Amino acid sequence: MLDKLNDIEKSALESLDAITDQAALDAWRISTLGRSSPLMSVFAEFGKLSKEEKPVIGVAANRVKVALEAALAERAQAVKNAALAKSLEEEKLDVTLPGRTKHIGRLHPSTQQLRRVLAILAEMGFQVYTSREVETDEMNFQMLNFPLHHPARDMQDTFFVEAGDRGDNPILMRTHTSPGQIRAMREAVATNPQNPPPIRIALPGMCFRYEQITARSEIQFNQVEGLAVGKNITFADLKGTIADFVRRMFGEGARLRFRASYFPFTEPSAEVDVECFVCGGKGCQVCKNSGWLEILGCGMVHPVVLQNGGYDPKIYSGFAWGMGPERQLMLRNKINDIRYFWGNDVRFLEQF
Amino acid sequence: MKIPLSWLKDFIDIDGLSVEDIARKLTLAGMEVDEILYAGLEMPTYKEGEKHEFKTNGIAWDKEKIFVAEIREVKAHPNADKLTLLDLFDGQQGQIVLTGAPNIFHLKGTGKLEKPIKVAYAKEGSILYDGHVEGQQLMTLKRAKIRGVDSYSMVCSEKELGITDESDGIIILDDDALVGMPLADYIGDAVLDISIVPNMARNANVIGIARELAALTGRELKQPKIELKTSGDSVEGLVEIEITNSELNPRFVAGLIRNVEIKPSPYQIQRRLKLAGIRAINNIVDASNYAMIELGQPLHAFDYDVLKERAGKNKIKITTRTAKDGETLTTLDGVKRKLTSMNVLVCDEKGSLSLAGVMGGSESEVYDASKEVLDAKGIETKADETPQGKITSRGKSTVNILLEGAAWNFINIRRTAKQHNLPSEASFRFSRGVHPAVAEQGVKRGLQYMAAWAGGAVAPGLVDVYPLKPKDSIVELTSHDVKKLLGIDLTLKEIAALLERLEFKCEVKDTKLIVTAPSHRMDIDEGVVGLADVLEEVARGYGYDNIPVTTMADALPPQVGNPVHEWEEHLRDLLIAFGLQEVATYRMTSVEKESRVAKYDEYVRIANPIAPEKSVLRRSLVASVLDVLEKNIRLGESISLFEIGSIFEPVKNDLPNEPRKLAIAMTGLREATAWDVKDSSKLDFYDLKGRIELTLSGLRLTDVSYTASESTPYLHPGKAAEVKVNGQVMGVFGELHPLVKEKYELGDASRPVLVAEFDLELLRKATPTYGIVPVSEFPPVYEDIAIIVDESVLAEEIEALIKQTGGKIVTNVRLFDVYRDEKIGAGKKSLAYSLTYQAEKTMTDADAAAIRNKIVKRLEKEVGAKLRG
């Protein structure tokens with residue numbers, strides 16, 4: 001009997017070793033450990049054994065059963081592992097196939113840059129003020145200290161609008177957002193004519209210049225101006241404010257310089273250059289080998305402008321600066337053709 | 001304004017300053033150097049990675065290879081008729097040099113020259129510009145055999161040395177050139193190309209720049225020495241001047257020089273003029289141009305004998321007056337110009353002579369019989385092309401010259417120059433302002449140079465009529481003013497020191513500084529403006545870089561934000577989240593372009609459009625986005641765009657209205673395709689509607705309704721809807737009308753094109769609803785019902801009935817299917833809804849059934865609905 005048990009165990013283990021799939025494993029379990037298996041028949045015939053044989057055979061039969069069950073469990077695990085390994089192998093993807101995409105929307109690059117600029121300005125206390133795009137000569141020029149026929153007007157070639165004969169006050173496309181300076185000052189004065197409040201505003205918007213459309217010049221562009229008016233505002237404050245802005249906009253290390261310049265609506269006036277961030281000032285195509293990039297014009301608000309806005313220049317002073325979001329983007333992204341902005345080719349827009 | 005360094009050195013000692021030092025100082029003080037052009041002087045060398053400072057161009061002349069030499073004989077070339085062989089001495093030895101220069105060709109075979117010709121001579125290995133190609137291309141001079149003769153060196157032209165862009169012949173140097181001297185030491189130069197801003201017109205000349213540089217470096221300005229030897233009768237007895245409007249002509253100065261001989265100017269003068277961007281013409285024209293570039297006073301030379309002849313027996317009388325409307329003058333460019341009463345003329349008793357400050361008339365111009373009829377401003381006309389036969393018939397070169405130096409009203413000159421489109425060196429200066437004080441100095445300087453270069457005798461005296469002498473501005477300022485505007489602490493003495501360097505007169509009176517502007521300045525006002533003008537000079541003198549950097553101490557105004565702007569930005573965010581690409585287009589368009597989608601009678605028209613397709617301001621934002629859609633139609637399977645911006649509604653003779661609009665255009669595939677996604681369903685009405693619903697809900701607008709609309713001409717009458725919020729129409733949307741679509745190149749005709757247009761002010765003013773529906777802890781019950789109704793019943797009505805009947809319990813009604821077939825019957829449709837029931841308890845099926853039955857009964861009663869089995 002013991003021999004029979006040993007044979008059962010031996011042959012069962014041998015056949016188990018050859019099994020590689022779940023179905024065979026199930027068949028093995030039935031044939032080896034099932035009710036009608038030889039091993040089970042030993043248990044079934046247990047009662048027929050002699051008193052002496054019972055304990056010996058009982059122990060032996062139990063040992064074989066436990067051993068075979070353990071072997072089965074181990075084999076089952078191995079089979080499962082092998083099957084998993086196989087299926088993992090079979091499920092392998094070509095990870096270089098392109099992902100499924102979506103039709104998505106993006107903001108126009110000018111909007112994106114305007115937001116960057118306005119976000120920085122907002123944190124510095126400059127709040128957005130917008131005004132109209134078609135203006136009178138008076139608001140666009142005369143109030144801003146560009147007298148009629150003054151040569152300073154050559155700096156801003158202008159589109160005029162047909163509006164009958166309006167004498168010295170024709171209607172035109174604003175050449176800068178600065179008419180908003182006058183409008184904003186007058187609105188502020190109206191709130192408290194005796195003691196007009198201080199002003200800190202950012203003036204974004206589309207401006208227009210009479211130019212031929214080329215890679216370098218456009219008939220329309222966005223501008224953002226900053227304006228601060230108060231009782232204690234100095235050129236040194238202007239420098240500090242610009243420095244803060246430039247640091248935020250162009251990075252911690254951006255070196256800048258103030259050059260004397262001329263704008264009719266500021267005095268003293270300056271142009272601000274930032275060290276070329278493309279070449280680090282070593283000279284490149286973008287900075288035309290000068291190492292500097294002209295990024296904004298600024299100055300102390302001209303007394304005539306303060307006066308026209310309703311602020312007494314003997315009491316109040318202020319500063320203003322203006323810059324172009326498209327130009328900033330062109331410098332930063334090495335865009336060599338300004339026509340991309342209003343060209344609206346989706347292949348350009350998708351890159352922002 | 002181009003300033004040769006050698007010229008600047010006439011007025012300031014620049015020892016110890018490099019070209020770049022000078023350029024930097026000027027740039028920071030407001031005279032921006034755009035470019036430095038080297039014409040001989042050593043150029044700065046930058047090592048790899050070293051900082052550049054200025055845009056730099058030109059060449060240095062190698063002192064070991066390029067010298068002054070002299071031509072001793074011009075011999076024929078044995079094998080070439082058009083070439084000559086020069087017998088040349090380079091200071092050390094004789095050389096044979098080959099040349100094809102036309103300007104010495106006439107000397108070929110004339111034997112040994114009586115007076116050798118001084119030239120610029122370059123040896124093998126010199127780096128020069130190639131004289132035989134278009135533009136400026138560097139080349140290294142190499143040994144070559146030309147028509148059998150060895151050539152290893154050359155005599156240079158101005159183009160080869162980088163003095164001018166083109167030239168026809170070799171340079172013939174002045175007699176003072178020392179043979180054997182390196183050319184760079186003799187005439188090596190560098191040119192600063194400086195932008196002159198409008199309030200620095202005073203510096204559009206050499207002495208102006210020298211004065212600024214002197215102030216910036218604390219060096220001395222060497223004033224020009226003007227000494228005239230005079231003889232003969234005084235000009236005062238010969239010429240009378242009358243100014244009829246002193247506002248337009250504050251001063252008129254005239255001087256006379258007799259017996260000049262017109263010929264080329266000395267080479268040094270020609271070279272400086274050319275480097276300054278002025279053509280060299282002859283000694284007379286050059287003298288007036290040279291004096292202008294040097295001092296800033298434009299001069300005008302008249303042929304004195306022509307004036308005398310016109311005057312007959314009378315004394316010459318020059319009158320300045322405004323033109324009569326319709327009066328004409330033939331300017332020396334040959335154009336007969338029709339004048340207006342704004343133009344100022346210089347006239348004699350017989351009629352007009354010149355368009356004051358802008359351009360001379362042809363009749364009285366200086367005439368060089370040997371060459372051409374010339375203009376004092378350097379514009380020339382070939383004699384045989386001269387419009388007026390009379391001049392060429394004069395036959396004799398000018399010998400006596402009346403030289404005008406006048407002051408004109410800058411605004412008037414600017415208008416005249418613009419009106420007649422006559423930009424010139426003179427009108428550039430006059431239209432920015434030339435101080436009347438400079439007129440006398442200018443005329444004297446011009447006469448001095450004419451006498452030096454053309455011989456002749458200057459007549460004693462000047463005719464000087466000066467009816468409107470400008471007052472030198474006086475400004476009072478204090479240390480406090482400086483502190484208040486510039487943020488720097490300076491004593492009155494320190495302020496005075498800065499200003500005096502620019503020739504301001506300063507006087508300390510108690511705590512005040514009384515500042516008088518120098519008499520060449522027209523840009524300094526008085527009062528509060530004058531104060532700003534002077535403070536700017538203080539800041540420039542102090543150096544912008546030296547002014548500290550501070551944080552504003554002034555009160556921060558109340559922070560109020562800008563709700564309108566913020567709302568628009570929020571709207572943009574919503575639209576891009578729903579897959580729409582933002583675009584930004586030109587405000588200027590054409591009626592033709594817009595009329596494809598919308599026709600308007602009135603437009604805001606541009607008076608000076610750059611092109612016909614940019615001649616009006618847009619009235620339709622839909623037209624703008626459709627243009628972009630059309631442009632991109634082949635660039636993607638699906639294009640969905642929006643723009644937010646102004647349109648322009650004309651108001652007669654006044655500013656237009658500029659309402660803000662939103663326009664959307666979409667076409668193409670609903671889903672992005674991929675290698676395994678081939679769904680090609682096309683965007684249609686409901687895709688656009690869905691985005692509009694999401695957008696309005698993002699704006700927290702709840703009372704929204706949609707009504708079929710046939711009133712928008714560009715939309716398909718059966719696929720268009722008006723959007724109402726709180727009962728007010730905010731916009732329209734739908735599918736583009738087939739006839740409108742035909743007018744665009746929109747590719748695949750089977751793809752619907754969807755457009756929408758909203759008025760942003762209305763939308764922004766619609767009252768939003770805030771707050772949320774609480775999220776219940778109890779599970780909702782979902783149930784689908786399908787009903788059959790007549791085609792005429794609108795989805796909107798059914799939804800409203802379900803919501804009304806279900807009350808609070810029905811928290812969501814979603815239509816998920818619309819179905820039609822024969823079984824349902826003709827004229828009928830099946831609508832399937834998914835309902836969400838939610839109560840503040842766990843709902844049973846019986847609870848749900850009770851509500852459902854109520855809803856079905858209501859629908860049966862109100863719209864004849866039948867529950868579908």
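Me: Helices (H or I, at least four residues) and strands (E, at least two) are DSSP runs, numbered from the N terminus. Where does that place Lys334(A)?

Reply: Lys334(A) sits in the loop between α10 (325-333) and α11 (340-343) of chain A. This is a predicted model, in which local features need pLDDT of at least 70 and side-chain atom pairs pLDDT 80 or more, while totals for chains, interfaces and linings use all residues. Residues are numbered from 1 along each chain as its sequence is written, chains are lettered from A and ligands numbered from 1 in the order written, and side-chain values use heavy atoms, with hydrogens and water left out.

Me: Why is Lys334(A) called exposed?

Reply: By relative accessible area, under 20% is buried, over 50% is exposed and anything in between is partly exposed (1.4 Å probe, protein chains only). Lys334(A) has 58%, so it counts as exposed.

Me: What makes the phi of Lys334(A) worth a remark?

Reply: The phi of Lys334(A) is near 50 degrees, a positive value in a residue other than glycine. Most residues other than glycine have a negative phi, and most peptide bonds are trans. Asn726(B) also has a positive phi, near 50 degrees, and is found in the loop between β39 (715-725) and β40 (728-736) of chain B. Asn726(B) is called partly exposed because its relative accessible area is 39%.

Me: Which peptide bond is cis?

Reply: The bond from Glu267(A) to Pro268(A) is cis, with omega near -5 degrees. Pro268(A) belongs to strand β8 (residues 266-275) of chain A.

Me: Why is Glu133(A) called buried?

Reply: The relative accessible area of Glu133(A) is 5%, so it counts as buried. Glu133(A) lies in the loop between β1 (127-128) and β2 (134-136) of chain A. Contact means heavy atoms within 4.5 Å; leaving aside neighbours within four places in sequence, Glu133(A) is in contact with residues including Phe208(A), Arg587(B) and Arg660(B).

Me: What makes the pair Glu133(A) and Arg587(B) a polar contact?

Reply: A polar contact is a pair of N or O atoms within 3.5 Å; within protein, one must be able to donate a hydrogen and the other to accept it, and residues adjacent in sequence count only if both atoms are side-chain atoms. The side chains of Glu133(A) and Arg587(B) come to 2.8 Å, so the distance fits. Between chain A and chain B, 52 residue pairs are in polar contact, both residues at pLDDT 80 or more.

Me: How do you know that Glu569(B) and Arg115(A) form a salt bridge?

Reply: A salt bridge needs a side-chain nitrogen of Lys or Arg within 4 Å of a carboxyl oxygen of Asp or Glu. The N to O distance for Glu569(B) and Arg115(A) is 2.5 Å, so the pair qualifies. Nine salt bridges cross the interface of chain A and chain B, and helix α8 (residues 235-250) of chain A gives the most to that side of chain A, with seven residues.

Me: What is the buried area of chain A and chain B?

Reply: Buried area is the accessible area (1.4 Å probe) that two parts lose on being put together, summed over both. For chain A and chain B this is about 8700 Å², 57% of it on carbon and sulfur atoms. The contact involves 111 residues from chain A and 100 residues from chain B.
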